[in-house]
Amino acid sequence: MTDVIKVAVLGAAGRMGSQAVDAVNAAEDMELVAALGSSDALDALVEAEADVVVDLTVPDASEENVRFAVSHGMHAVVGTTGWDEAKLGRLNELLEKNPGVGVLIAPNFAIGAVLAGKFAATASKYFESVEVIELHHPEKLDAPSGTARHTAQEIAQARREAGRGPSPDATQTDPEGSRGAVIDDVHVHAVRLRGLVAHEEIVLGDIGQQLTIRHDSFDRVSFMPGVLLGVRTVGERPGLTHGLDGYLDLA
C-alpha cells in the first residue's frame with residue numbers, strides 16, 4: 001500500500017489555497033494535516049508532522065514560509081510568485097544544508113500553460129519576432145506574471161542557443177512604457193481585467209506569417225493536477241526545481 005502523504009496548505013483561505021485544500025482532501029494518497037491562514041503560527045506545521053507544505057500565500061510571506069519548512073525537513077511546493085534571483089539564491093544555500101529536502105517553485109501549475117511555454121520556446125527559434133501577453137484578474141499583485149516571466153526567459157534561452165538575436169524594434173521614444181516590460185530582450189505585456197482568471201498568449205511573427213500560442217485557465221481548478229503532481233513528486237527530487245516542466249517528460 002502506498003504511504004499517505006501528509007500535506008499542509010498555507011494560504012488555505014485564498015482562492016488558490018481553498019482549491020488546494022479540496023484537491024488534497026479528494027486525493028486518496030494524501031491527508032490534509034494543516035490548513036493555515038496568514039495569522040496562524042508556522043509551528044503548527046511541526047505539530048502536524050507535515051511531509052509536504054504547499055505555499056499559496058503572498059510574495060512577502062512566501063520566502064519565510066518555505067525557509068521554515070526546509071529548515072524543519074519538510075518538502076515544499078510553491079505557487080506564490082515574487083521569487084527573484086536573490087531569494088532563489090538564499091533558498092539554494094539553505095537547501096545545501098538540508099540535502100534530503102526538495103522544493104518545487106512553479107510559476108504556473110496548469111499543465112497546459114507549461115506546455116504552451118515549451119511550445120513557444122521551440123517555435124521562437126524559427127521566427128524573427130516574438131512577444132508575450134499575459135492577462136489576469138485585477139486582484140493579482142504582481143506584473144508581469146511569474147508565468148510570463150518564465151516563458152520569456154525560456155524563449156530567450158532557446159533563441160540564444162539557436163543564434164537568434166532580439167526581435168527587431170525601431171522604437172526610439174516610448175515615454176509611457178507602451179512597449180511593455182523587457183525580460184531577456186523579450187517584450188512582455190500585462191493586462192488586468194475583471195472576469196479573467198489566468199491567460200497567456202505568445203505571438204510569433206516572420207515575413208508573411210504569424211503563429212499564436214495561447215493558453216486559458218477559466219477556473220482555478222485547472223491548477224490542481226499540477227499541484228498534486230508536485231506534492232507526489234517533490235520528495236523524490238531533492239534540491240530546487242524551478243518550473244513544473246522539471247517534473248514532466250518534455251524531452
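## Two sheets, their helices and two pockets

In this predicted model, strand 1, which covers residues 5–10, runs parallel to strand 3, residues 52–55, and the two are joined by four bridges. Within this pairing, V7 has V52 of strand 3 as its bridge partner. The two strands belong to an open sheet of six strands, whose order is 2-1-3-4-5-11 and whose pairing is parallel. Because strand 2 (30–36) and strand 11 (239–242) stand at the edges and have a single partner strand each, one side of each is left without a neighbour in the sheet. From one strand to the next, the twist of this sheet averages 20 degrees. Helix 1, made of residues 15–26, lies across strand 1 and strand 2, and its direction is at about 155 degrees to that of strand 2.

A pair of helices can be considered next. Two packed helices are described by the angle between their axes and the distance between the axes. For helix 3 (residues 59–71) and helix 4 (residues 85–97), the axes come within 10 Å and cross at roughly 10 degrees. Since angles under 35 degrees count as roughly parallel, helix 3 is therefore roughly parallel to helix 4. Helix 3 contributes P59, E63, V66, R67, V70 and S71 to the contact, while helix 4 contributes K87, R90, L91, L94 and L95. Sorted by class, the residues of this contact comprise six nonpolar, one polar and four charged.

The other sheet to be described is also open, and consists of five strands in the order 7-8-6-9-10, with mixed pairing. Here strand 7 (181–183) and strand 10 are the edge strands, each with a single partner strand, so that one side of each is left without a neighbour in the sheet. The twist in this sheet averages 25 degrees from one strand to the next. Strand 6 (residues 129–136) and strand 8 (residues 186–192) run parallel and are joined by six bridges, and the bridge partner of I133 in strand 8 is H189. Helix 5, residues 111–124, packs on this sheet and touches strand 9 and strand 10, its direction making about 165 degrees with that of strand 10. Helix 6 likewise packs on the sheet, where it touches strand 6, strand 7, strand 8 and strand 9, and its direction makes about 170 degrees with that of strand 6.

The antiparallel part of the mixed pairing can be seen in strand 9 (residues 198–206) and strand 10 (residues 209–217), which pair over nine bridges. Along this pairing, H199 stands opposite D216 of strand 10. The two strands form a hairpin with two residues between them, and G208, in the turn, has a positive phi of about 80 degrees.

The pockets bring several of these helices back into view. The largest pocket has a volume of about 900 Å³, and of its 38 lining residues, M16, L56, T57, G79 and T80 are the closest to its centre. Helix 1, helix 3 and helix 6 (146–161) are the elements that give two or more residues to this lining, which by class holds 16 nonpolar, 16 polar and six charged residues.

The second largest pocket contains about 350 Å³ of space. Its lining is formed by 18 residues, and G82, W83, D84, G146 and R149 lie nearest its centre. Helix 4 and helix 6 each supply at least two residues of this lining, with helix 6 giving the most, namely four residues. The lining of the second largest pocket divides into seven nonpolar, seven polar and four charged residues.

Key
Residues are numbered from 1 along each chain as its sequence is written. This is a predicted model: local features need pLDDT of at least 70, side-chain atom pairs count only at pLDDT 80 or more; totals for chains, interfaces and linings use all residues. Side-chain values use heavy atoms; hydrogens and water are left out. Two strands pair if DSSP finds at least two bridges between them. Axes are lines fitted to C-alpha atoms, for helices over the stretch in contact, and angles run from 0 to 180 degrees between N-to-C directions. Contact means heavy atoms within 4.5 Å. Angles under 35 degrees count as roughly parallel, over 145 as roughly antiparallel, 65 to 115 as roughly perpendicular and the rest as oblique. Ala, Val, Leu, Ile, Met, Phe, Trp, Tyr, Cys and Pro count as nonpolar, Asp, Glu, Lys and Arg as charged, and the others, Gly among them, as polar. On a 1 Å grid over the protein atoms alone, a cavity is a set of points where a 1.4 Å probe fits but cannot get out, and a pocket is an open set with protein on both sides within 12 Å along at least five of seven lines; lining residues have an atom within 4 Å of a point. Grid points are joined across faces, edges and corners, and a volume is the space filled by probe spheres set on the points.
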